Amino acid sequence: MKKSTHNTLLPTSTAGSLPKPLWIAQPKTLWSPWKLQDKALAVGKQDALRLSLLDQQQAGIDIVSDGEQTRQHFVTTFIEHLNGVDFKRRETVKIRDRYEASVPTVVGPVSRQKPVFVEDAKFLRQQTDKPIKWALPGPMTMIDTLYDDHYKSREKLAWEFAKILNQEAKELEAAGVDIIQFDEPAFNVFFDEVNDWGIACLEHAIEGLKCETAVHICYGYGIQANTDWKKTLGTDWRQYEKVFPKLQKSNIDIISLECHNSHVPMELLELIRGKKVMVGAIDVANNNVETPEEVAATLREALKYVDADKLYPCTNCGMTPLASEIANGKLAALSAGAEIVRNEIK
Ligand SMILES: [Zn+2]
């Protein structure tokens with residue numbers, strides 16, 4: 001039996017990244033270069049992490065994170081620390097079948113030289129007694145941001161990344177992380193591969209872990225390429241339907257989803273009944289701060305398909321592209337909305 005992370009009903013959390021302070025990186029920008037170097041950067045990252053934690057705690061978030069303050073990007077920063085990937089050799093590929101990007105090349109066997117985020121996780125653990133969640137990229141999303149000139153097989157490369165992620169996850173668990181989350185937006189695109197080997201790779205990545213595990217599957221950050229793609233999906237987004245049956249049977253504890261303002265029919269959640277669900281009740285693709293009542297309405301709808309003790313109110317995705325005052329407003333709305341519903345079901 002895995003230990004439960006907390007006793008609060010409807011514990012709130014965020015899907016991942018939060019805005020960076022303007023003294024360390026350009027606000028509202030993905031992949032922003034650091035404004036500091038060397039020792040100043042190391043100290044600056046820790047200060048940014050503490051500020052992000054403070055923002056979450058002031059907003060009343062129950063399961064806190066580092067806000068991804070120490071990484072430039074949720075996938076690339078992890079890969080930068082691995083052997084076998086040449087960042088100078090670049091090829092143009094289509095990421096998630098959606099937009100072209102110049103990406104690094106896999107030139108040899110991939111391996112982890114040393115722990116990537118473990119020291120950051122220890123630092124976060126020292127700062128708070130609250131349950132902490134740590135995000136890692138998922139194997140399928142990792143391979144989708146690279147050009148592979150070595151394995152020549154998406155499945156083989158994903159399997160190798162799963163082994164590396166498992167090493168990192170075990171050390172994060174030892175550092176005191178309560179929930180380890182794998183970000184797999186690619187699960188919303190490559191359905192056949194997800195069912196053939198994607199979920200198996202993910203289960204390999206969590207093998208032997210005693211802490212809780214989560215997979216985050218969304219429709220992406222609120223950037224133009226994603227907004228344009230969403231317009232092509234019609235009024236009924238049934239992508240989740242293709243992967244939910246197999247995910248329901250998997251060993252993953254928690255499934256993190258985009259639900260608010262999206263066209264995902266809420267009844268699809270019935271397909272993962274029994275799993276804990278991080279219900280995205282905050283839209284990260286606009287600057288309107290939700291009212292607590294709007295958040296509550298989304299949670300009430302989800303409660304028809306998710307048992308109350310398994311519902312974790314969350315954001316749809318990361319908020320790094322938003323201004324910090326907007327993101328903080330949204331976090332406060334998430335807490336207040338969860339509190340409304342908590343009082344209704346007590
Ligand atoms: Zn996301």
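Two strands count as paired here if DSSP finds at least two bridges between them. By that rule, strand β1 (residues 82–95) and strand β2 (residues 99–112) make an antiparallel pair, with 10 bridges between them. Keep in mind that this is a predicted model. The protein chain carries 10 helices and 9 strands, and the rundown below goes from the whole chain to its sheets, helices and core.

**Overall build**

- The protein chain has a radius of gyration of 19 Å, which agrees with the value near 20 Å that a compact globule of 346 residues would have.
- Along the principal axes, the C-alpha atoms fit in a box of roughly 55 × 45 × 45 Å.
- Buried residues account for 46% of the 346 residues.
- Take the contacts between residues at least 6 apart in sequence: 78% of them join residues at least 24 apart.

**The sheet of 6 strands**

- This one is an open sheet with parallel pairing, and its strands run in the order β3-β5-β6-β7-β8-β9.
- At the edges you'll find β3 and β9 (311–314); each has a single partner strand, so one side of each lacks a neighbour in the sheet.
- On average, neighbouring strands of this sheet are turned by 25° against each other, direction ignored.
- Strand β5 (residues 179–183) runs parallel to strand β6 (residues 212–217), and 5 bridges join them. I179 has E212 in β6 as its bridge partner.
- β7 and β8 are also parallel, with 5 bridges, and I254 sits opposite K276 in β8.
- Next along, β8 and β9 run parallel and are joined by 4 bridges. V277 has L311 in β9 as its bridge partner.

**A closer look at β8**

- Strand β8 (residues 276–280) has 5 of its 5 residues buried, so the rest of the structure largely encloses it.
- Both of its faces are covered. On one side the buried residues are K276, M278 and G280, and on the other they are V277 and V279.

**The sheet of 3 strands**

- The other sheet described here is open too, has mixed pairing, and follows the order β1-β2-β4.
- β1 and β4 (147–148) are its edge strands, each pairing on one side only.
- Helix α5 packs on this sheet and touches β1, β2 and β4; the direction of α5 makes about 70° with that of β2.
- β1 and β2 form a hairpin with 3 residues between them, and R96 in the turn has a positive phi of about 45°.
- Two positions pin down the register: D86 has T105 in β2 as its bridge partner, and V85 stands opposite V106 in β2.

**Helices with a buried side**

- Helix α3 (residues 118–127) buries D120, A121 and L124. These cover an arc of only 100° around the axis, which puts them on the same side of α3.
- The cover over those α3 residues includes α1 (38–58), β3 (133–137) and α5.
- In helix α8 (residues 239–248), the buried residues are Y240, V243, F244 and L247. Down the axis of α8 they fall within an arc of 125°, so they line one face of the helix.
- The packing partners of the buried α8 residues are α6 (191–205) and β7 (254–258).

**The nonpolar core**

- In soluble globular proteins, nonpolar side chains tend to be buried together.
- The largest nonpolar core has 97 residues, and the members touching the most others are W134, F161, V177, V277, V279 and L299. Helix α5 (residues 154–174) supplies the largest share of this core, 8 residues.
- What does W134 touch, not counting residues up to four places away in sequence? The list is S65, F117, A121, L172, V177, I180 and Q181.

**Around T298**

- T298 lies in helix α9 (residues 292–302).
- Is T298 buried or exposed? T298 has 24 other C-beta atoms within 10 Å, and the cut-off for buried is 20 or more, so T298 is buried.
- Leaving aside neighbours within four places in sequence, T298 is in contact with C259, H260, V279 and A281.
- T298 and A281 are 17 residues apart along the chain, and their C-alpha atoms are separated by 6.0 Å.

Definitions and conventions. Residues numbered from 1 in each chain as written. Predicted model: local features only at pLDDT ≥ 70, side-chain atom pairs only at ≥ 80, totals over all residues. Core = buried A, V, L, I, M, F, W, Y, C linked by C-beta atoms within 7 Å. Buried ≥ 20, exposed ≤ 12 C-beta atoms within 10 Å, placed from the backbone. Contact = placed C-beta atoms within 7 Å. Arc of directions from axis to C-beta. Rg over C-alpha atoms; globule rule 2.2 N^0.38 Å. Axes fitted to C-alpha atoms, helices over the stretch in contact; angles between N-to-C directions.
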